[in-house]
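Subject: A structure for you to explore

Hi there,

Here is the structure I promised to pass on to you. Please open it beside this email and turn it around as you read.

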Amino acid sequence: MLLRLEHITKTYGTRTLLEDVTLYISEGDRIGVVGVNGAGKSTLLMLAASAMEPDQGTVSRNPNVRVEYLSQTPAYDPENTVLEQVFAGLDPDARTLAEYEAKTILTKLGIFDFEARMGALSGGQRKRVAIASALVHPADVLILDEPTNHLDAEMIAWLETRLNATKAALLMVTHDRYFLEQVATRTLEVDGGSIYGYEGGYSAYLAGRAARLELEQAMERKRQATLRRELAWVLQGPCARGTKSRDRLERYEALKAQAGPLEHPESTALSAAASRLGKKTIEFQHVTKTLGGRTIIEDFDCMLLRNDRIGIVGRNGSGKSTLLNLFAGRLEPDSGQILRGETVKIGYFDQEGVELDPTERAIDYIRGISNAIHTQEGTLTASKLMENFLFSGELQYTPIGKLSGGERRRLFLLGVLAAAPNVLLLDEPTNDLDIPTLTILEDYLQSFPGAVIAVSHDRYFLDRVCRRTLAVEGDGRVIPCPGGYTEYLESKQQEKRAVAKAEKKKQPKPTQPKQQKLKFTFQEQREYAHIEEDIAALEEQLSQLTAEQEAHATDYLALQELLEQQAQVEAQLEEKMERWEYLTDLAERIEAQS
């Protein structure tokens, strides 16, 4: 047993998040934790990591067990370089051995400037540095809170492979359902202060949870039937010269005092509201857009259909949000034109959201947008709409400043939907939303009578919602693909297989197949001898470019040229790191032959 949480209770104010909870973590465990925002998932992880003390109960582990914890908002020193932050707290000798592993992980996570200061990075970049740090530090138990946030789909797929190969036990909160299915061998649901375990990933959780709720409802029906029978007995007068059985009366009172099962409003069906959308929607004609000297979109044509469901995918920084802003009219093209119909009413849910008044009650924010939301089933009040999006009566009247980050994001999304747009633009709508909320949103979008365009790295969301995909390649190309993410990924794999097959045909066939020992070619030997120096030189070049950008911050033309140089150097560095991986692996296999 690596880690024990026994009879844990944790309360915030008057709210009990966890009550008499017990959890054991053993070698080989890969545990995913799910539940609605605010249920206590992150609290459970902090308790397991000893980042927080329980009100009652004990957390214990073998003194030799090493625990590494990735929080939702990792702490950092703004003056540290990226590598200094990754190696914070690591023994200097271990750092020397792990340096190239760290650089490889950072490169896979889209971080190329290893000497950049942490204070100059975005929140997403800092989270990725924290992930690299957690993976580099030796650990017997890895505790990860939302590791897939701020990662693109390729990075998430790489992280799945990496975690499946680790020997450490895993305890992780994630709302990425494919990630949960691929990595977790056990799923814990935090609900109503208790935890419920299911053997397997997301599909096992769905089946197990449905069975649990059905059993709870059956038990509640039995309890209510018994209560009705006992109530009838209580109301009867006692027999002549007799009295009611005290034991039976006490059993009746105890049965009446029992709490029924928790309500789960995510099962509520909700049709979508939208304004009327005419035949003319949004049309791109030969659109080109350049930012920072880089062509993001080039000669792009697209016709938005009235009931379209489009997913936009691509690596971080490829230009997905730029394309969405062109659809929204927040950006204008450099060339070409974008035509919009007169009836188009856009609802834009962006990553940053809006600045909400912290003193305003949640329900007043929605009422300020609309207090009468018209749906196919009739008119909903703001309160009913909020209830269907998991805002309980108490939560509706809570000041916005007291809501969690996930709850505020859900409130902003609800405000966008309450305005009844007919074209919905969603930029990373799944970040910080729990699985029940995602399910409600997906159901809502499926019945939405207008068009939906969503930028997302959530592969499950894209598969469930989208009918076609636009892949932003980052070099000006936007490649259309029918279907959701799975179809897009299959088309990419088919393309790679076709290229590999064509390359294979070009290679001359050997006249006599013969077994040969692996060895470096002359060119590979020279490359392997100098590749670390080449990588160091590129890293130094990136540092110099960063310094020059700061010095020319007000000179737009010079800054534009420096940004172009930086993109080129980053591409060279990524290529060198991948080449270093190949050559190092080859060197190890050559050594193993001797």
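**A strand covered on both sides**

Strand β18 is covered on both of its faces: Ala-451, Ile-453 and Val-455 are buried on one side, and Val-452 and Ala-454 are buried on the other. Before going further, please keep in mind that this is a predicted model. β18 covers residues 451-455, and five of its five residues are buried, so the strand is largely enclosed by the rest of the structure.

Which strands pair with β18? One of them is β12 (residues 309-313), which runs parallel to β18 and is joined to it by four bridges. To find this pairing on your screen, look for Arg-309, which stands opposite Val-452 of β18. Another is β17 (residues 423-427), also parallel to β18, with five bridges between the two. Here you can look for Asp-427, whose bridge partner in β18 is Val-455.

**A small sheet and the helix across it**

Now go to the start of the chain. Strands of a sheet pair through backbone hydrogen bonds, and they can do so in a parallel or an antiparallel way. In this part of the model, three strands form an open sheet in the order β2-β1-β4, with antiparallel pairing. Which strands are at the edges? They are β2 (15-25) and β4 (56-61), each of which pairs on one side only. From one strand to the next, the twist averages 20°.

Strand β1 (residues 3-12) pairs with β4 over five bridges, in the antiparallel sense. Leu-3 is a handy marker, as it stands opposite Arg-61 in β4. Lying across β1, β2 and β4 is helix α1 (residues 41-48), which runs at about 130° to β1.

**Two helix pairs that share α5**

Two packed helices are described by the angle between their axes and by the distance between those axes. Let's try this on α4 (residues 123-136) and α5 (residues 153-165): their axes come within 13 Å and cross at roughly 15°. Angles under 35 degrees count as roughly parallel, so α4 is roughly parallel to α5. The crossing of α4 past α5 is left-handed. On the α4 side, the contact is made by Arg-128, Ile-131 and Leu-135, while α5 brings Met-155, Trp-158, Leu-159, Arg-162 and Leu-163. Sorted by class, this contact of α4 with α5 has six nonpolar, two charged and no polar residues.

Helix α3 (residues 92-108) also packs with α5, at an angle of about 140° and with the axes 10 Å apart. α3 and α5 are therefore oblique to each other. Which residues meet here? Glu-101, Ile-105 and Lys-108 in α3 meet Met-155, Trp-158 and Arg-162 in α5. By class, the contact of α3 with α5 has three nonpolar and three charged residues, and no polar ones.

**Strand β10 and its partners**

Further along the chain, strand β10 (residues 282-291) pairs with strand β13 (residues 335-340) in the antiparallel sense, over five bridges. Thr-288 stands opposite Ser-335 in β13. β10 also pairs with strand β11 (residues 294-303), again in the antiparallel sense, over six bridges. In this pairing, Leu-291 stands opposite Arg-294 in β11. The hairpin of β10 and β11 has two residues between the strands, and Gly-292 takes a positive phi near 60° there.

**Two residues with a positive phi**

Most residues other than glycine have a negative phi. Asp-20 has a positive phi near 55°, though it is a residue other than glycine. This residue is found in strand β2. Asp-20 counts as partly exposed because its relative accessibility is 48%.

Asp-299 is not a glycine either, and it has a positive phi of about 50°. You will find Asp-299 in strand β11, and at 47% relative accessibility it counts as partly exposed.

**One tyrosine to finish with**

Tyr-69 is found in strand β5 (residues 67-70). With 25% relative accessibility, Tyr-69 counts as partly exposed. What does Tyr-69 touch, leaving aside its neighbours within four places in sequence? The residues in contact with Tyr-69 are Leu-45, Met-46, Ala-49, Ala-51 and Ile-143. Ala-51 and Tyr-69 are 18 residues apart in sequence, and their C-alpha atoms are 8.8 Å apart in space.

Enjoy looking around!

Best wishes

Key:
Residues numbered from 1 in each chain as written. Predicted model: local features only at pLDDT ≥ 70, side-chain atom pairs only at ≥ 80, totals over all residues. Heavy atoms only, no water. Axes fitted to C-alpha atoms, helices over the stretch in contact; angles between N-to-C directions. Parallel < 35°, antiparallel > 145°, perpendicular 65-115°, else oblique. Left-handed = near helix turned anticlockwise from the far one by under 90°. Contact = heavy atoms within 4.5 Å. Nonpolar A, V, L, I, M, F, W, Y, C, P; charged D, E, K, R; others polar. Pairing = 2+ DSSP bridges. Buried < 20%, exposed > 50% of the residue type's maximum accessible area, 1.4 Å probe, protein only.
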